[in-house]
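Here is a briefing on strands, rings and a few single residues. Please keep the structure open alongside the text.

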Amino acid sequence: MGIFGTLYISYSGLFTDSHAMNVSADNITNLNTTGFKAGRYEFGDVIRNAVGEVFTRGAGYGATPKATRWLFSQGGIQTTDVPTDLAISGRGFFVVSDSKGNIFFTRDGQFMINEADEKNFALQNSLGMYLLGADPNATTAGIADLKTHLIPKVMPAKATSKVSAQLLLNANRPTNTETLLSKYDWTADPTKPLQDGKYDWVFDWDIYDPLGQKITLKAYFDRGDNPNTYEVLLALADPTKDTRGDGKFKGAFLYGTLTFGGNGEVVSADFSQISDPSGTLSPLDLTTLGQPKFTLTVEGRTQDITLDLGFKVNPDGSITRLNYPTRLSANPFAQLYFSQDGYEEGIFDRIEVITEEGLIKAWYTNNKDLPVAKLFLADFNGYEESLEKVGNNLFRAKANAIPFIFAPGAGERARILSGALETSNTDLAQEMVHLILLQRAFQSNSRVITTADQMLEDFLRQR
């Protein structure tokens with residue numbers, strides 16, 4: 001090979017050292033790049049073989065950069081307290097899409113809420129790529145099921161359809177034979193269709209109509225002619241909002257009787273809907289309905305409401321007590337629990353947290369939340385064989401590489417951490433050691449070239 005071959009061999013060493021320096025420099029430069037995966041340079045030796053039988057043994061001919069391998073080890077987790085900052089603890093990648101529908105994969109979880117159109121927001125990264133997910137209730141998904149999920153700017157109002165209450169009714173009140181129906185008279189006083197002292201107790205319940213307007217119902221309770229019974233009458237606090245017409249029972253919608261057993265639990269119930277202001281009673285078949293259900297008419301808008309007092313009537317007429325049952329007790333009247341499922345219109349306020357399972361919930365000014373999407377992660381059998389870097393913390397699947405889509409969560413391949421980011425997996429101390437070794441190798445290869453050059457010069461002088 002001779003002196004000239006030595007020059008080429010040492011040159012190959014300088015070339016590979018320079019390539020390795022580039023990789024280390026790139027790793028160090030991206031020390032603070034979110035989700036960055038460091039590279040590792042790999043060298044290969046070069047062998048030259050003579051042709052023929054004169055010289056058949058191989059000879060070393062220097063080194064060459066064999067490959068740059070990306071290291072997909074877990075980076076550190078850094079807390080940011082920004083709910084839309086997401087980190088993956090474990091395997092997998094977020095799936096994002098550009099405006100043309102091209103799919104990319106990334107560990108960079110820096111997302112933000114941007115306007116998608118006049119009615120919706122969406123989660124995007126700084127490049128404008130959309131974070132893809134599946135329907136909130138999905139348990140499995142494929143790559144084709146993932147799409148951009150929009151966050152509505154406005155949550156529409158919801159009319160109340162169920163009212164639940166746990167009440168204590170006073171067992172010490174005296175019985176009386178006059179019913180609440182006989183005492184209710186809207187025509188006598190529109191502001192007080194049921195006069196004070198004509199009932200034992202009243203509860204005010206706020207509900208919502210289909211437009212999201214708050215309405216107040218009055219739930220009147222009065223001891224019956226039996227120590228074990230209580231009458232119930234549901235009516236509007238403002239009967240003038242009842243647009244069914246005028247009459248003595250304007251504003252009244254539901255009437256019933258509760259019967260209690262020796263331990264104070266409800267043992268039977270009988271309810272009727274007040275169908276019109278004239279007082280027409282339409283008995284309710286509780287063995288079919290299970291619980292009292294009536295139609296409320298307010299300013300021309302109707303809604304069906306179920307009354308849940310903590311019990312359910314079975315088809316055979318028996319009673320099943322549920323959570324928060326209403327009871328008869330030797331204590332003053334009390335409301336221990338109340339809820340209703342209606343709400344007013346809400347404007348988007350925030351995304352409070354994204355769960356480890358990837359569920360995204362948007363919160364609105366009406367203090368209600370709306371499940372928007374569920375994030376799924378993509379994984380590959382072999383990262384090096386399946387992915388290629390394209391810059392900006394993005395990877396693209398190589399031809400014929402099929403991602404495995406899975407739901408994150410505890411006990412799965414990975415979980416999602418909201419309010420955190422994955423840092424670069426660059427090992428700075430190791431990179432500094434590499435730089436020292438590369439520097440020494442570069443110096444040594446340079447010295448070999450210098451020495452070979454001097455030898456060549458000496459040879460030429462002798463000639």
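Two strands count as paired if DSSP finds at least two bridges between them. Strand β12 meets that mark, because two bridges join β12 to strand β26 (residues 346-354). The model is predicted. The points below cover two open sheets, the strand β5 with its partners, the aromatic rings, two unusual backbone angles and one buried glutamine.

**The four-strand sheet**

- β12 and β26 run antiparallel.
- Across this pairing, V154 stands opposite I347 of β26.
- The open sheet has four strands, ordered β12-β26-β27-β28, with antiparallel pairing.
- β12 (154-155) and β28 are the edge strands. Each has a single partner strand, so one side of each is left without a neighbour in the sheet.

**The six-strand sheet**

- Six strands form another open sheet, in the order β14-β15-β16-β17-β18-β19. Here too the pairing is antiparallel.
- The edges are held by β14 and β19 (281-283). With a single partner strand each, both have one side left without a neighbour in the sheet.
- From one strand to the next, the twist averages 25°.
- Within this sheet, strand β16 (residues 229-236) is joined to strand β17 (residues 252-260) by seven bridges. The two run antiparallel.
- L234 faces its opposite number, L254, in β17.
- Strands of a sheet pair through backbone hydrogen bonds, either parallel or antiparallel.

**Strand β5 and its partners**

- In a regular strand the side chains alternate between the two faces of the sheet.
- Are the residues of β5 (residues 94-97) buried or exposed? F94 and V96 on one side are buried, and so are V95 and S97 on the other. Both faces of the strand are thus covered.
- Strand β6 (residues 103-106) runs antiparallel to β5, and four bridges join them.
- S97 has I103 of β6 as its bridge partner.
- Five residues lie between the strands of this hairpin. Among them, G101 takes a positive phi near 90°.
- β5 also pairs with strand β9 (residues 130-133), antiparallel and through two bridges. V96 stands opposite L131 of β9.

**Aromatic rings**

- How many aromatic pairs does a search of the whole structure find? There are 18.
- A pair of aromatic rings is described by the distance of the centres and the angle of the planes.
- One of the pairs is F72 with F395, a tilted pair at 5.4 Å centre to centre and 45° between the planes.
- F72 lies in the loop between β2 (59-70) and β3 (77-79), while F395 belongs to strand β31 (residues 394-397). The pair therefore ties together parts that are 323 residues apart in sequence.
- Both F72 and F395 are buried.
- Y199 and Y220 make an edge-to-face pair, with 5.0 Å between centres and 65° between planes.
- Y199 sits in the loop between α2 (180-183) and β14 (201-208), and Y220 in strand β15 (residues 214-223). They are 21 residues apart.
- Y199 and Y220 are both buried.
- One aromatic cluster is formed by F72, F93, F105, F380, Y383 and F395.

**Charges over rings**

- The charged end of K389 sits over the ring of W70, 3.8 Å from the ring centre.
- R413 lies over the face of F406, 5.9 Å from the ring centre.

**Positive phi outside glycine**

- Most residues other than glycine have a negative phi.
- D81 is not a glycine, yet its phi is positive, at about 65°. D81 lies in the loop between β3 and β4 (86-90). With 67% relative accessibility, D81 counts as exposed, because the cut-off is over 50%.
- N367 is not a glycine either and has a positive phi of about 65°. Its loop runs between β27 (359-364) and β28 (369-374). N367 counts as exposed at 63% relative accessibility.

**A buried glutamine**

- Q291 is found in the loop between α3 (286-289) and β20 (293-298).
- Its relative accessibility is 10%, so Q291 counts as buried.
- A polar atom of the Q291 side chain lies 3.1 Å from the backbone oxygen of F311.
- Leaving out residues up to four places away in sequence, Q291 touches K162, L286, T306, L307, D308, F311, K312 and L322.

Definitions and conventions:
Residues are numbered from 1 along each chain as its sequence is written. This is a predicted model: local features need pLDDT of at least 70, side-chain atom pairs count only at pLDDT 80 or more; totals for chains, interfaces and linings use all residues. Side-chain values use heavy atoms; hydrogens and water are left out. Buried means under 20% relative accessible area, exposed over 50%, partly exposed in between (1.4 Å probe, protein chains only). Rings of Phe, Tyr and Trp (its six-membered ring) pair if their centres lie within 6.5 Å; planes under 30 degrees apart count as stacked, over 60 as edge-to-face and the rest as tilted. A charge sits over a ring if NZ of Lys or CZ of Arg is within 6 Å of the ring centre and within 35 degrees of the ring normal. Axes are lines fitted to C-alpha atoms, for helices over the stretch in contact, and angles run from 0 to 180 degrees between N-to-C directions. A polar contact is a pair of N or O atoms within 3.5 Å; within protein, one must be able to donate a hydrogen and the other to accept it, and residues adjacent in sequence count only if both atoms are side-chain atoms. Contact means heavy atoms within 4.5 Å.
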